[in-house]
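Please open the structure in your viewer and keep the selection tool at hand. The stops below each begin with something to select, followed by an account of what is there.

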Amino acid sequence: MQSKLHLYEIVYTILREQILNSQLEYGSQLPSVRQLAKQHRVGAKTIKTVLKLLQRDGLIRTRERQRAVVIYQAPFMKKENASVRSIARKRTAILDVYRTMEILMPEILAFCAKSVSIYELPNYEKAVKWSKRPRLTGSWQICSNIIHDVLLSSGNFLFSSFYASLELYGEVPFLAEYQGLITGYTPYTESHHADWILDCLQSDSYTVQRSFASYYHTALRTAEKSFDLLMDLHPDIRDDGEPRFTWNAGWGWDSLYKKIGRDLVEKIGMGIYSQGTLLPSQARLMEEYQVSLSTIRKTLKVLQSLGFIEIINGRGSLVLSHEKWHIHQRSRHPNHRQDTFMFLCGLQLITFLIRPAAALVFDQYDMSLEQELQERLAHSPKSCLKEWMDCLLPRVPLYPLKIILGEVTDILNWGYFYSFYAGSSPSMKKLNKLGERAFLSLQKGDREACLRDLYEGYMYLFQTIRSACIQRGESRAGLLKVPQKL
C-alpha cells in the first residue's frame, strides 16, 4: 500500500511540473480558483493552498481578485545549456511517450469526436481566432486545448487525465516550439495545426482515426529529428535510457479506506475470503495495509453497510453470502456512485488499451507467457480475464503504456463485477469463455483471434456493468458510450 499524499500536494506537483516545462507558459494566466477546483476535482480551499505554495516557490504571482500569473521562465527558453542537456539525456523516455501517443490516441480521438460538435468545444472560438494569425508560435498549446476538449466531451475524464501526463513527460512545449531557439529547426512546417484539427474533427470516424494516425506519426518523427539535432550540437551527451513516466488515475477520488475496501471486496468476490469465514483481524489488516486502526474500522464499516461482511463483537468480520450483498445501495450513496462510475471509466478506457498492449507483448512472444497462463487458468478458472491481465501487464515493453495500463487495472477491482454477478451466472460464464477462447487462440498461434477475444471480453464486461448501472438509476453511466471498432 503506497503512502497517501494530501490532495493539495498532488495538485501542487501537477501545476508545478506544468509550469517548469512551460505547459503553463511564462506570462500566462492560470485558470480561476473555481476553474482549477473543477479541473482537479478538489475544493477551492485546496486550490488556494496550492497557489500559496507556487507563489512561495517564485513560480506565480497572485493578486487579490485577479487570476494568478506565471512568472517562471524555463531555462531552455533562455538557451541555458544545463536545461537543454537535461532534456537531451531523456531521449529514449521521451520518444517512448510519443510512441505511446501514436499507438493510443488516433482510435480514442475518433471515438470521442463522435460525441461532440466542434462548435461546442470550449476552445473553438480561440482556435479559430488563432488560425487567422500570421505567426506559428503557440501552435502546440491551442492544438493541445482542442484535443483535451474532445477527450473531455466523452464524459470519461481518464482520457484527458492520462493524455495530460503524456504531454508533460513528452516535453511537448520544448520539442514543439522552444528547441527551435537552439537547433533552428521549426517543426511547424511538418506538423498539423489547429485549423487542420478542426477540419479533421468534422470528418467520419474512419477519417478522423487515419488523420490523427498521421498527426501523431509526424509528431514522433519531428521529435526524433529534434533530438538528432540536439545531439549534433552536444555530441558529449549520452542518453541515460531511464524510463520516465507517471500517472495517478485515482487522485482526488481514491481515499485510503476506499482503496483497502476495494481490495477486500476483490478478495471476497474471488473467494480468497469465502462465505462463512472471518476476515483477518483488525490488527493483521493494519499491519498488511500499513494504516491506522481508525482507517481499518472505517473500511469494515463500509463493507458491512454493503452486506459483504457482518461485524460480530468478540469474533471479527464474517464474510456473508452473495445474496446479502446490498449492491442496490450504491445508487443511494454518493461515494459508491462515484466508485462505480470510476470503475466504468476504467472499463471503457481499457477497451482501447488491451489490444495494443497485448499486440506489443505478442511481438516479443516467448513460451513463458503461454506456460504461465496455463498454470494460472488451471488454478483460477473463475477469473480468466484477470489472469490474462496479470500475465500481460509485466511484459508490456512500452513503459508509458505499461504505466497507464497498470493504473487502469488498479481501478478495475474484480470484486465489483463479482458483486453484480455470482460466479455461476450466465454473464460470468460468458466472460470466462471469452478468456478461455483467447488462450486457445494463443495456443494455435492465431494472435489476431486472441486479440479479438480479449477485446470482446473487456467490451462485454463494460457493456454488462454499464447496463446494470443504468437499470439501477445511475444516470452518469449512460454518458459513457459503447466503443465501436472501426
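The tour goes from the whole chain to its cores and then to its salt bridges.

**The whole chain.** Begin with everything shown, keeping in mind that this is a predicted model. The chain contains 22 helices and four strands, and of its 486 residues 52% count as buried. Among contacts with a separation of 6 or more, 74% are between residues 24 or more positions apart. If you turn on a surface display, the accessible surface comes to about 22600 Å², with 49% of that belonging to carbon and sulfur atoms.

**The largest nonpolar core.** Select Phe162, Phe362 and Trp388 next, which are the residues with the most contacts inside the largest nonpolar core, a set of 107 residues. Then add helix α16, residues 334-363, which supplies the largest share of this core with 16 residues. In soluble globular proteins, nonpolar side chains tend to be buried together.

Now stay with Phe362 and ask which residues it touches beyond its neighbours within four places in sequence. Leaving those neighbours aside, Phe362 is in contact with Leu369, Trp388, Leu392, Leu442, Arg447, Cys450 and Leu451.

**A second core.** Select Val11, Leu15, Val42 and Leu54, which are among the 18 residues of a second core, separate from the one just visited.

**Salt bridges.** The whole structure holds 17 salt bridges, and a few of them make useful stops. Select Arg56 and Asp57, whose closest N and O atoms lie 3.0 Å apart in a salt bridge; Arg56 counts as exposed at 57% relative accessibility, while Asp57 counts as partly exposed at 31%.

Move on to helix α5, residues 91-113, where Arg99 and Asp96 are three residues apart and therefore separated by about one helical turn. Their side chains meet in a salt bridge with an N to O distance of 2.9 Å. Is each partner buried or partly exposed? Arg99 is partly exposed, with a relative accessible area of 31%, whereas Asp96 is buried, at 16%.

Then select helix α13, residues 256-269, in which Asp263 and Lys267 are four residues apart, so that about one helical turn separates them. This pair also forms a salt bridge, with the closest N and O atoms 3.3 Å apart. Here Asp263 counts as partly exposed at 25% relative accessibility, and Lys267 counts as buried at 17%.

Finish by selecting Glu372, Arg376, Lys386, Glu387, Asp390 and Arg395 together, since salt bridges that share partners join these residues into one network.

Note on methods:
Residues numbered from 1 in each chain as written. Predicted model: local features only at pLDDT ≥ 70, side-chain atom pairs only at ≥ 80, totals over all residues. Heavy atoms only, no water. Helix = DSSP H or I, 4+ residues; strand = E, 2+ residues; numbered from the N terminus. Buried < 20%, exposed > 50% of the residue type's maximum accessible area, 1.4 Å probe, protein only. Contact = heavy atoms within 4.5 Å. Areas by Shrake-Rupley, 256 points an atom, 1.4 Å probe, with all protein chains shown as cover. Core = buried A, V, L, I, M, F, W, Y, C linked by side-chain atoms within 4.5 Å. Salt bridge = Lys/Arg side-chain N within 4 Å of Asp/Glu carboxyl O.
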